[in-house]
Amino acid sequence: FSPVGKMFRAVVRLSTSGVRSLARIRPCYSAPLASRCYSHAKVETDEEFDARWVTYFSKPDIDAWELKKGMNTLIGYDLVPEAKILDSALRACRRLNDLASAIRILEAVKDKSGPHKDIYPYLIQELQPTLIELGISTPEDLGMDKL
């Protein structure tokens with residue numbers, strides 16, 4: 001066989017049978033050799049996490065893309081954002097004069113609260129002074145919850 005033929009056979013063999021073995025998840029330990037799978041990265045505390053996101057949304061030169069990217073990333077986490085993070089995100093919406101994004105943020109928080117019906121009203125209560133100051137209506141004030 002030519003070198004090209006050998007390479008082609010190797011690629012075909014890898015693509016048909018080898019991909020499954022490459023995709024298998026291997027345990028981080030084996031019976032005879034017990035190794036530990038700990039991360040050596042510094043663990044971020046809740047306060048540091050909150051401060052990082054407040055700082056992100058408090059940037060005076062934040063643009064609409066950064067706002068949306070930040071909210072998508074934040075909502076992607078397995079948590080409901082704290083009121084102080086949402087406060088800074090809503091203030092960023094006001095700086096950008098983007099009422100639609102502010103309402104979407106509130107809708108996303110309500111959706112993220114899921115079956116825990118007490119979280120969203122608590123956050124709205126905590127954010128009420130900010131909402132009044134910035135002139136932002138909640139989705140419920142706009143009748144969007146009845147659609």
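Count up the secondary structure of this protein chain and you get six helices and zero strands. Keep in mind as you look around that this is a predicted model. Walking from the N terminus, the order of elements is simply α-α-α-α-α-α. The chain has 147 residues, and 26% of them are buried. As for how the chain meets itself, take the contacts between residues at least 6 apart in sequence: 62% of these join residues at least 24 apart.

A good place to start is the pair formed by α4 and α5. Helix α4 covers residues 83-95 and helix α5 covers residues 99-113. Their axes sit 9 Å apart, and the two helices pack at an angle of about 155°. Angles over 145 degrees count as roughly antiparallel, so α4 is roughly antiparallel to α5. Which residues make the contact? On the α4 side you'll find L86, A89, L90 and C93, while α5 brings in S101, A102, I105, L106 and V109. Sort the residues of this contact by class and you have eight nonpolar, one polar and no charged.

Between α4 and α5 there is a loop, and N97 is found in it. Have a look at the backbone here: phi of N97 is near 55°, a positive value in a residue that isn't glycine. Is N97 buried or exposed? Its relative accessible area is 61%, so N97 is exposed.

Now go to A83, which lies in helix α4. With a relative accessibility of 16%, A83 counts as buried, because the cut-off for buried is under 20%. What does A83 touch, once its neighbours within four places in sequence are left aside? The answer is L123, E126 and L127. E126 is worth a second look, since its C-alpha atom is 6.5 Å from that of A83 although the two residues are 43 apart along the chain.

Another residue of α4's stretch to pick out is S88, this time paired with T55. C-alpha to C-alpha, T55 and S88 are 8.2 Å apart in space, with their positions 33 residues apart in sequence. T55 itself lies in helix α2, residues 46-57. Relative accessibility for T55 comes to 53%, so this residue counts as exposed.

Over on α5, find D111. D111 is exposed too, as its relative accessible area of 64% shows. Its C-alpha atom is separated by 9.5 Å from that of V80, a residue 31 places away along the chain.

That leaves the pockets. How much space lies in the largest pocket? The figure is about 180 Å³. Its lining is made up of L67, K68, M71, N72, I75, S101, R104, I105 and A108. Two elements give two or more residues to that lining, namely α3 (64-76) and α5. The largest share comes from α3, with five residues. By class, the lining of the largest pocket splits into five nonpolar, two polar and two charged residues. Two names may ring a bell: S101 and I105 are among the lining residues, and both also appear in the contact of α5 with α4.

How values were computed: Residues numbered from 1 in each chain as written. Predicted model: local features only at pLDDT ≥ 70, side-chain atom pairs only at ≥ 80, totals over all residues. Heavy atoms only, no water. Axes fitted to C-alpha atoms, helices over the stretch in contact; angles between N-to-C directions. Helix = DSSP H or I, 4+ residues; strand = E, 2+ residues; numbered from the N terminus. Parallel < 35°, antiparallel > 145°, perpendicular 65-115°, else oblique. Contact = heavy atoms within 4.5 Å. Nonpolar A, V, L, I, M, F, W, Y, C, P; charged D, E, K, R; others polar. Buried < 20%, exposed > 50% of the residue type's maximum accessible area, 1.4 Å probe, protein only. 1 Å grid on protein atoms, 1.4 Å probe; cavity = no way out; pocket = protein on both sides within 12 Å on 5 of 7 lines; lining within 4 Å. Points joined across faces, edges and corners; volume = space filled by probe spheres on them.
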